[in-house]
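Please open the model in a viewer and keep the sequence panel visible. The tour below proposes a series of selections and states what is found at each.

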Amino acid sequence: MRAQQLVEHVGPDGLRLVDIDEPAGNGLVVVDLDAAGVSYPDLLRSKGEYQERNEVPYVPGAEAAGIVRSTPAGTGLQPGQRVAVLTPTGAWQETVAVHPHEVFALPEGVSTVTAAGILANYLTSHFALTRRARAVAGEVVLVHGAGGGIGTAALGLCRAMGLHSIAVVSGPDKAAAAHAAGADVVVGVDGWLDSVREHTHGRGVDIVLDPVGGDRFTDSVRSLAPEGRLVVLGFVGGDIPVVKVNRLLLRNAAVLGAGLAELFAHDPRYPQRQWQELSGLLSAGQLVVPPPTVVDLADAGQALAALESRSAVGKIVLKLR
């Protein structure tokens, strides 16, 4: 089968399109994949900069979607069923074999190509909003990096959960993506703090979702309303910021981390509980997922390069078949 392998930790240039053996079932669910998601951790891993370093060569990717080929008895799954998958063994290949709890049945109306880009970003955003920030309907949520994959996912969830969202974007293409994803207000990255204060009449926001970090972090703390919560999702901006905790005292504020992979490590069934809620929102039409940008598996390096240059708009998925 075709697969992308990272053969050297040099970023996108370290990828090679190769032919490898299909995985053995051995009591696992075998899924023939239509598409696989591309996410920022994939870029970090390709450069050897993620918290955990993969030994090369390896197949990148952690999320995908396709059709069940075979399944052990008692899983509740059926051959021919459309599913999304999370896999620690690499998704940028045509077929995977995964544990049943890593397989998520798709509701009607959600294509496998769209579903390939749902799990990582929507499960992360859901975890950040519900379990970490304890969001309550009517609260105001500021979303940084709102034109990217995780940003558009967060905006869609805000709309579905009755939260008022303010999107921070870096250009017109990303502003359009944020509007399409459900943002109530979109502001440019230049002067964003003043814009947020204006839109909230000086009160500030209840929740900040920040996948960017870097030099805007301190202003994110300043943007919080009393008892506001800032949820750290990543560091696309490069630098890992440091918070002066006296600022937290001034507003009774909190800074929280939302590392979904770390949660999965000790609660591997949690994503299935999340999916019950998310698939219900999808079926009811309350959660609308924007169509992803689709590129061929052979062009995976270009997809990673778009994330590296921060030119990507929305979610990117790799077409496998």
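A residue is called buried under 20% relative accessible area, exposed over 50%, and partly exposed in between, using a 1.4 Å probe and protein chains only. Helices (H or I, at least four residues) and strands (E, at least two) are DSSP runs, numbered from the N terminus. The model is predicted, so local features need pLDDT of at least 70 and side-chain atom pairs count only at pLDDT 80 or more, whereas totals for chains, interfaces and linings use all residues. Residues are numbered from 1 along each chain as its sequence is written, and side-chain values use heavy atoms, with hydrogens and water left out.

**First selection: helix α4**

Select residues 149-160, which form α4. Of its 12 residues, 11 are buried, among them Ile150, Leu155, Leu157 and Cys158. Contact here means heavy atoms within 4.5 Å. The buried residues of α4 pack against α3 (119-132), β8, β9, α5 (172-181), β11 and α10 (270-283). Following α4 is glycine 162, whose phi is positive, near 75°.

**Second selection: the sheet**

Next, display the strands. Two strands pair if DSSP finds at least two bridges between them. An open sheet of six strands appears in the order β10-β9-β8-β11-β12-β13, with parallel pairing. Its edge strands, each paired on one side only, are β10 (185-188) and β13 (254-257). Within this sheet, neighbouring strands are turned by 20° against each other on average, direction ignored.

Now select β8 together with β9 (residues 164-169): these strands run parallel and are joined by four bridges. Valine 141 has serine 165 of β9 as its bridge partner.

**Third selection: helices against the sheet**

Angles run from 0 to 180 degrees between N-to-C directions, and axes are lines fitted to C-alpha atoms, for helices over the stretch in contact. With α4 shown again, its position across β8, β9 and β11 (205-210) can be seen, at about 170° to β8. Add helix α6 (residues 192-199), which packs on the sheet by touching β8, β9, β10 and β11 and makes about 150° with the direction of β10.

**Last selection: histidine 144**

Where is histidine 144 placed? Histidine 144 is in the loop between β8 (140-143) and α4. The residue is buried, with a relative accessible area of 0%. Its contacts, not counting residues up to four places away in sequence, include Val168, Trp192, Asp210 and Arg216. Finally, select serine 220: its side chain and that of histidine 144 are joined by a polar contact of 2.8 Å. A polar contact is a pair of N or O atoms within 3.5 Å; within protein, one must be able to donate a hydrogen and the other to accept it, and residues adjacent in sequence count only if both atoms are side-chain atoms.
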